[in-house]
Amino acid sequence: MKVVVITPTYNEKGNVEKLIRILEEDVFPQVKNHDMHILVADDNSTDGTAEEVRELMKKYKNLDINQGEKKGLGAAYVRAMTYAVDNGAEVMFEIDADLQHDATKIPEFLKKIDEGYDMVIGTRYSDGGSIPASWPIQRKMFSVFGNLLVRIILLKFKIHDWTGGYRAIRKEVFLKEREELTNFKGYTFQVSFLNKAVRDGFKIAEVPFHFESRTIGDSKIAPMAYIVDLLKYVISASIMEKLTGPFGKFLVVGGTGFIIQAVILRVLVEILKMDPSVSNLIGAVAAIFSNFNLNNFWTFKKDRVRNVGEYIWKLINFYATSAIGVILIQTGTIFLGTKLFGKQTYFLFFIIGTGILLIYNFTVYRFIIWRVRPHDEKVQKESK
Ligand SMILES: Nc1nc2c(ncn2[C@@H]2O[C@H](COP(=O)(O)OP(=O)(O)OP(=O)(O)O)[C@@H](O)[C@H]2O)c(=O)[nH]1
Ligand SMILES: [Mg+2]
C-alpha cells in the first residue's frame, strides 16, 4: 500500500530536515510491506523551510512538498491529504514537523492498519504515553484537563487523546469526512475529524507514545483562540449528537405522551364529566402505552423487541419503570424539597424532579429495557 506521511510546516526549518532524515534512514527501512512516502504540507513558510525540503527532494525520491496560502493547520491538512489521495495514497499519517512525535512508532501504527483498523491515534494520556516532564505545571494541566474536558463534553471515553496530531488514517475515512472538515481551518480540525470518524463507526485503535518538548522554533498555537474554538465545537457537536440521537427522540416521545395524557384528561373531565383523578390515570396509562410503542419502533429501533412474549414482558417493565419514576423520583423530590425548603418551593422541585426523572427513565430504557444487543449485526445479516 502507498503510505504518505504528511507533516505540516509553518517555519520549521531545522526541524523538518531532522524529521525527514529520521523517517528516511531509521523508520522507513523497518517497514517492509508498504511503499513509504513523505509529504510536507507547507504554508509558504518565510524562514526557508520549503527550500530546505526541496534540497532534500534531490536526494530522497519519495519526498514531496505541497504548498499553499496559510489558512491554519486544518486547512493545510485537508489540502495536503487531497493532494496525497489524488496521487494514490491509501493510508496517510499526520505527524508534527517539530520532532515532538516519536516517529519510530510508525511501524506500530501500520501494524494496526494491517490488522484492519481505519484510524490509529497516537495517545499521550494512556499507559505507555506521556507529556514532557519538563513542562511547567500550567502547561501540563492545560494539556491534561483540556483533553479530559473534550472527552467529558462529548461523553466519549474510549479514546484517550483527542487533541493530538499524531495519527494514521485510511483514505476512506478522509474521503468520507472531507467535506465537513473544510469548516475547521485551525487546530480544532483534529478533534472534529476524530469525532466524525467515531460517529461514522470507523474502527479506531490507539498507540501510546512519549510526547517530547519542542527544541527548535516557536509554537504556532494561540492557546486562547484555540480553547474558545474547541469549546464551541465540542459543546455544539455534543448537543447536536444528543438531540438527533436516541436521547432527542426519547424527549420527543415524552412530549407526545404529555399531549396524549393532557387531551384524554380534558376530554374525560369536560365532556364525559368523569372524576379528574381517574381521568388522569386513564390518560397516563394510554400515554405510557403510546410511549412504549414509539420508543420501541423509533427511539430504540435497532434494539426493539422481537416477539410477542418479549413485547408483553418489556411493556410490563415499562409500566413499572414509569410508575416508580413518577411516584418515587418525581413525587419524592417534591416531597423532600418542600420538607426541607418550604411548601412555596414545590414548583422548583417539580422541575428538578422531572429533570432527574428524565435521566432515570432514559437510563433504564437504554440500559435495561432496550439494551444494545451485541450480536445484532450478525443476527440481521443471517436473517437476510
Ligand atoms: N502548514 C501549516 N502548518 C502548521 C500551521 N500551524 C501549525 N502548523 C504545524 O503544525 C505542527 C504543530 O504545531 P505546533 O505549533 O508545534 O503546536 P503544538 O505542538 O501543539 O505546540 P508546541 O508544543 O508548543 O510545539 C507543527 O509542525 C507546525 O509547524 C499552519 O497554519 N499551517
Ligand atoms: Mg509542536
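In which helix does Asn 195 lie? In this predicted model, Asn 195 is placed in helix H7, which covers residues 188–199.

## Asn 195 and the region around H7

Asn 195 has a relative accessibility of 2% and therefore counts as buried, since that value is under the 20% cut-off. When residues up to four places away in sequence are set aside, the contacts of Asn 195 are Leu 154, Lys 156, Trp 162, Tyr 233, Ala 237 and Glu 241.

Lys 203 belongs to the loop that runs between H7 and strand E7 (204–208), and with 42% relative accessibility Lys 203 counts as partly exposed. Although Lys 203 and Asp 118 are 85 residues apart along the chain, their C-alpha atoms are separated by 5.2 Å. Asp 118 is also one of the residues that Lys 203 touches, and the others, again leaving out residues up to four places away in sequence, are Glu 115, Gly 116, Tyr 117 and Met 119.

## Domains and the magnesium site

The chain is divided into domain 1, residues 2–244, and domain 2, residues 246–383. Between the C-alpha centres of domain 1 and domain 2 there is a distance of 45 Å.

The magnesium ion, ligand 2, is coordinated by Asp 98 through OD and by Gln 100 through OE1, at distances of 1.8 to 1.9 Å. Asp 98 and Gln 100 are both buried.

## Backbone and surface positions outside the long helices

Most residues other than glycine have a negative phi. Asn 11, which is not a glycine, nevertheless has a positive phi of about 55°, and Asn 11 lies in the loop between strand E1 (2–9) and helix H1 (15–27). Leu 155 likewise has a positive phi of about 55° without being a glycine; the loop that holds Leu 155 connects helix H5 (137–154) and strand E6 (167–170). With a relative accessible area of 54%, Leu 155 is exposed, because the cut-off for that class is over 50%.

Arg 54 is found in helix H2, residues 49–59, and is partly exposed, with a relative accessible area of 40%. The C-alpha atoms of Arg 54 and Ile 65 are separated by 7.7 Å, the two residues being eleven places apart along the chain. Beyond the residues up to four places away in sequence, Arg 54 touches Ile 65 and Gln 67.

## Helix H11

Does the length of H11 agree or disagree with its expected span? At 1.5 Å a residue, the 34 residues of H11 should span 50 Å, and the end C-alpha atoms are 47 Å apart, which agrees. H11 does, however, contain a kink of about 35°, centred on Gly 332. At the start of this helix, a side-chain oxygen of Asn 307 reaches to within 3.4 Å of the backbone nitrogen of Gly 309, while just after H11, Gly 342 takes a positive phi of about 100°.

The buried residues of H11 include Glu 310, Lys 314, Leu 315, Phe 318, Thr 321, Ser 322, Gly 325 and Ile 329, and further along Gln 330, Thr 333, Gly 337 and Thr 338. An α-helix has 3.6 residues a turn, so residues three or four places apart point the same way. Among the elements that cover the buried residues of H11 are H10 and H12.

## Helices H9, H10 and H12

Helix H12, residues 346–369, has as its buried residues Phe 349, Gly 353, Leu 357, Asn 361, Phe 362, Val 364, Tyr 365, Arg 366 and Ile 369. The cover over these buried residues includes helix H9 (246–271), helix H10 (276–299) and helix H11 (308–341).

Two positions in H9 can be described individually. Ile 260 is placed in helix H9 and is partly exposed, with a relative accessible area of 27%. Apart from neighbours within four places in sequence, Ile 260 is in contact with Ala 286, Ala 287 and Ser 290, and the C-alpha atoms of Ile 260 and Ser 290, which are 30 residues apart along the chain, are separated by 8.4 Å. Gly 254, also in helix H9, is partly exposed, with a relative accessible area of 34%. The C-alpha atoms of Gly 254 and Gln 344 are separated by 27 Å, with their positions 90 residues apart along the chain.

Key
Residues numbered from 1 in each chain as written. Chains lettered and ligands numbered in written order. Predicted model: local features only at pLDDT ≥ 70, side-chain atom pairs only at ≥ 80, totals over all residues. Heavy atoms only, no water. Buried < 20%, exposed > 50% of the residue type's maximum accessible area, 1.4 Å probe, protein only. Helix = DSSP H or I, 4+ residues; strand = E, 2+ residues; numbered from the N terminus. Contact = heavy atoms within 4.5 Å. Donors = N, O, S within 2.8 Å, 3.2 Å for Na, K, Ca; no water. Domains from an automatic or database assignment. Expected span 1.5 Å × (residues − 1). Bend = angle between axes of the 7 residues up to and from the residue. Polar contact = N/O pair within 3.5 Å; in protein donor to acceptor, adjacent residues only side chain to side chain.
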